[in-house]
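This report describes how strands, helices and charged side chains are arranged in the model shown below. Salt bridges are treated before the sheets.

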Amino acid sequence: MLIGQQVTIVGAGIGGLASALALAQRGATVRVLEQAKELSEVGAGLQISPNGVAVLDALGLGEKLRAVGVSMSDIRLLDYRHGAPVLRMNLAKYSAGRAYLALHRADLLEILEQGARDAGVVIETGMTVTKVSGGRAGIALDVDGHGAQTAPLVIGADGLHSHLRAHLNPGGAPFFTGQVAWRALVAGPGEQSDDRSVRLYMGPGKHLVIYPLRGGALTNIVAVQEREDWAEESWSAKGNPAVLQTVFKDFCPEVRDLLARVEKVNLWGLFRHTVAPNWTGPGCALIGDAAHPTLPFLAQGANLALEDAWVLADCLATMEQDAALKAYPIRRKARAAKVIAAANANARNYHLRNPVLRLGAHMILRAASNLAPRRVLQQFDWIYGHDVTGS
């Protein structure tokens with residue numbers, strides 16, 4: 001169904017490039033419009049869980065992915081004050097057998113970009129879409145400095161402020177969640193130099209996550225705090241390392257020592273839309289954050305975008321376009337909503353303020369980790385074991 005089909009994708013992020021590659025591999029002629037002037041090394045670390053790895057394997061990128069990613073051994077939940085273990089998920093015993101990888105966002109984008117270009121995808125930078133409208137001939141995109149351009153099929157992979165989302169879902173603005181996040185990278189490993197753990201320290205009203213990147217050459221830090229005032233929502237908004245260190249000064253020595261090494265940090269407010277009511281319309285579809293922005297408390301944002309990209313390409317390759325655009329949200333919307341709800345619940349669980357409730361919750365998690373470790377991991381099978389590729 002896709003051979004010779006012209007597709008325009010707005011946004012050259014993870015979802016947009018994965019979608020471009022998946023469609024091009026099925027015969028489509030794909031063009032990607034990216035507002036940045038160049039595809040540069042932006043962002044920091046991210047986690048690709050087995051459900052996301054399944055998509056990248058199916059796209060033929062698994063070998064390159066594993067070469068740049070760190071295969072994580074476990075996920076550890078720790079108490080903030082003394083670093084005492086609360087829960088350990090042994091990823092090595094995960095039944096699906098796929099890796100759980102940590103890697104720099106720029107490394108994943110480079111792999112996806114090269115794969116897309118090798119498949120014949122045209123990527124145009126400096127192309128800012130300012131308006132989307134529908135017409136008999138297809139979807140019209142107003143591109144700043146380049147006029148109106150019409151495409152028979154448009155995919156919006158341009159994130160929270162997607163113009164295509166606004167076209168399909170008029171009204172509604174992103175809302176501030178009452179949380180801000182810092183992202184930072186420091187050179188070298190953390191205190192545990194041979195550790196391949198995702199370490200999450202839980203404190204009252206805040207938490208902090210660290211894990212290694214690029215073979216331990218870097219340590220990634222994500223720190224989240226609940227607060228009333230909000231920060232600019234941007235990957236590049238500059239934060240103050242001294243403020244970060246002050247906010248987390250009551251955390252354990254390992255965390256404080258790591259934060260003392262931070263020289264540059266980005267800060268942004270965490271905003272969300274609700275899950276979009278309409279993911280598709282005549283000649284267009286949304287994927288990733290444009291359809292269902294999620295908070296980073298299950299590390300599933302990139303993974304959901306990868307799943308979307310594969311499923312949309314599969315629908316378009318096996319059905320007439322109108323039928324495919326109806327089938328795609330049916331296959332994806334319920335799962336995305338369930339993952340987002342679980343991430344929201346994690347935000348509450350990580351930030352318990354009442355010391356009695358926190359102590360009780362941590363005791364229950366410790367008991368589960370010690371007495372039934374496999375059962376703890378199996379609770380995440382519905383996320384990690386989900387394979388949209390059917391492999």
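In this predicted model, Asp107 and Arg214 are joined by a salt bridge between their side chains, with an N to O distance of 2.9 Å. Asp107 belongs to helix α4 (residues 105-118), whereas Arg214 sits in the loop between β15 and β16 (218-226), so the pair ties together parts that are 107 residues apart in sequence. Asp107 is buried because its relative accessible area, 12%, is under 20%. Arg214, at 30% relative accessibility, is partly exposed.

A salt bridge also links Lys206 and Asp250. Here the contact runs from strand β15 to the loop between α6 (241-247) and α7 (253-259), so parts 44 residues apart in sequence are tied together. Lys206 is buried, with a relative accessible area of 11%, while Asp250 is partly exposed at 26%. Elsewhere, Asp57, Arg66, Arg98 and Asp387 form one network through salt bridges that share partners. The structure contains 15 salt bridges, including those in the table.

| Salt bridge | Closest N and O atoms |
|---|---|
| Asp107 and Arg214 | 2.9 Å |
| Lys206 and Asp250 | 3.3 Å |
| Asp74 and Arg76 | 2.8 Å |

Within the pair Asp74 and Arg76, Asp74 is buried, with a relative accessible area of 0%, and Arg76 is partly exposed, at 27%.

Turning to the sheets, an open sheet of 8 strands has the order β6-β5-β14-β15-β16-β13-β18-β17, with mixed pairing. Its edges are β6 (85-90) and β17 (238-239); each has a single partner strand, so one side of each lacks a neighbour in the sheet. β17 pairs with β18 (residues 265-272) in the antiparallel sense over 2 bridges, and Lys238 has Asn266 as its bridge partner in β18. Helix α9 packs on this sheet, touching β5 (74-79), β13 (175-187), β14 (197-203), β15 (206-213) and β18, and its direction makes about 60° with that of β14. Ile330 lies in α9 (residues 321-350) and is exposed, with a relative accessible area of 70%. Helix α10 (residues 355-371) lies across β5, β6 and β14, at about 35° to β6.

Another open sheet, also of mixed pairing, consists of 6 strands in the order β8-β2-β1-β12-β20-β19. β8 (122-124) and β19 (280-281) stand at its edges with a single partner strand each, so each has one side without a neighbour in the sheet. Strands β1 (residues 6-10) and β12 (residues 154-156) run parallel and are joined by 3 bridges; Val154 is the bridge partner of Thr8 in β12.

Key
Residues numbered from 1 in each chain as written. Predicted model: local features only at pLDDT ≥ 70, side-chain atom pairs only at ≥ 80, totals over all residues. Heavy atoms only, no water. Helix = DSSP H or I, 4+ residues; strand = E, 2+ residues; numbered from the N terminus. Buried < 20%, exposed > 50% of the residue type's maximum accessible area, 1.4 Å probe, protein only. Pairing = 2+ DSSP bridges. Contact = heavy atoms within 4.5 Å. Axes fitted to C-alpha atoms, helices over the stretch in contact; angles between N-to-C directions. Salt bridge = Lys/Arg side-chain N within 4 Å of Asp/Glu carboxyl O.
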